[in-house]
Amino acid sequence: GTFIYGGLFLFESRNFIFSNSYRIGGLGELDPNTYALYNLLAISVFIQQFMLGRYNRKQSIFMSIASLVILGAGFLTLSKTYLIFNFILLILIMIGSHKKPKHLFKLLLILSIFFVIIVKLPLFTDSINSIVARIEMGRTGGDLTTGRADIFRSYLEYIFSNVRTFFFGDGMYSYMTMLKIRPHNSLLELIISWGIIGTI
């Protein structure tokens, strides 16, 4: 399903030029960052199963193609987090492959083919350049995280200045009445809703 959705997104986007002022998630139904990280999760599951030797040759070929489509679709969201976590994922793969160098070689070969293809396609080169430009625009932690660092700081200040909230929370969606904005972080959302005791 993720493969088909990603393929349709690539097809629909073939003539678009994405920019910081025009970003979409998938076929326009999702937040770009949510869709990008969803794609990263799908690729991670494939890599995990591949490294464990769960796929035969035909399955590996199909899943490799599917992962390249999903990877490409993720880049179109212009998500900075997506780019950074792809690099982290690659490092984790290298660390986890020290006992299976053959698997690492195959994965790096697949990625190399992918990057040889995308450097020829303006759709992907424009997207990657836009992601890098979005990272370069960041002068502070708040800028670099598109305001999320400031949101986290506000939530942490609120939680730590209210002992009852810290331990027991303020209830589901209470943040919408107090701080007027979602935490953009699952752990903070749990703590402010349920507190440390409720979360545990």
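Me: Looking at this model, is Phe 3 buried or exposed, or in between?
Reply: In between. This is a predicted model, and in it Phe 3 has a relative accessible area of 27%. Phe 3 counts as partly exposed because buried means under 20% and exposed means over 50%.

Me: Which ring does Phe 3 pair with?
Reply: Phe 62. The two rings sit edge-to-face, 5.5 Å centre to centre, with 90 degrees between the planes.

Me: Where in the chain are those two?
Reply: Phe 3 is in helix α1, residues 2–12, and Phe 62 is in helix α3, residues 57–75. They are 59 residues apart, and the pair links distant parts of the chain.

Me: And is Phe 62 buried or exposed, or in between?
Reply: Phe 62 is also partly exposed. Its relative accessibility is 45%.

Me: How many aromatic pairs are there?
Reply: Eight. Ring pairs also build a cluster, made of Tyr 5, Phe 9 and Tyr 35.

Me: New topic. Where is Ser 79?
Reply: Ser 79 lies in the loop between α3 and α4, and α4 covers 80–96. Ser 79 is buried, at 1% relative accessible area.

Me: What does the Ser 79 side chain reach?
Reply: The backbone nitrogen of Tyr 82, at 3.1 Å. A side-chain oxygen of Ser 79 also comes to within 3.5 Å of the backbone nitrogen of Thr 81, at the start of α4.

Me: How many residues does α4 have, and how far does it reach?
Reply: It has 17 residues, and from first C-alpha to last it reaches 24 Å. That is close to the expected 24 Å.

Me: Which residues of α4 are buried?
Reply: Lys 80, Tyr 82, Leu 83, Asn 86, Leu 89 and Ile 93.

Me: Does any of that go into a core? What is in the largest nonpolar one?
Reply: The largest nonpolar core has 28 residues. Tyr 82 and Ile 93 are among those with the most contacts inside it, along with Ile 43, Ile 47, Phe 75 and Leu 107.

Me: Which helices supply it?
Reply: α1, α2, α3, α4, α5 and α6 each supply at least two residues. The most comes from α2, which gives eight.

Me: Why would such residues gather like that?
Reply: In soluble globular proteins, nonpolar side chains tend to be buried together.

Me: What does Leu 107 touch, leaving aside its neighbours within four places in sequence?
Reply: Phe 46, Ile 47, Phe 50, Met 51 and Ile 93.

Me: What is in the second core?
Reply: It is separate and has eight residues, including Ile 151, Tyr 155, Ile 191 and Ile 192.

Note on methods: Residues are numbered from 1 along each chain as its sequence is written. This is a predicted model: local features need pLDDT of at least 70, side-chain atom pairs count only at pLDDT 80 or more; totals for chains, interfaces and linings use all residues. Side-chain values use heavy atoms; hydrogens and water are left out. Rings of Phe, Tyr and Trp (its six-membered ring) pair if their centres lie within 6.5 Å; planes under 30 degrees apart count as stacked, over 60 as edge-to-face and the rest as tilted. Helices (H or I, at least four residues) and strands (E, at least two) are DSSP runs, numbered from the N terminus. Buried means under 20% relative accessible area, exposed over 50%, partly exposed in between (1.4 Å probe, protein chains only). A polar contact is a pair of N or O atoms within 3.5 Å; within protein, one must be able to donate a hydrogen and the other to accept it, and residues adjacent in sequence count only if both atoms are side-chain atoms. The expected span of a helix is 1.5 Å times one less than its number of residues. A nonpolar core is a set of buried Ala, Val, Leu, Ile, Met, Phe, Trp, Tyr and Cys residues joined through side-chain atoms within 4.5 Å. Contact means heavy atoms within 4.5 Å.
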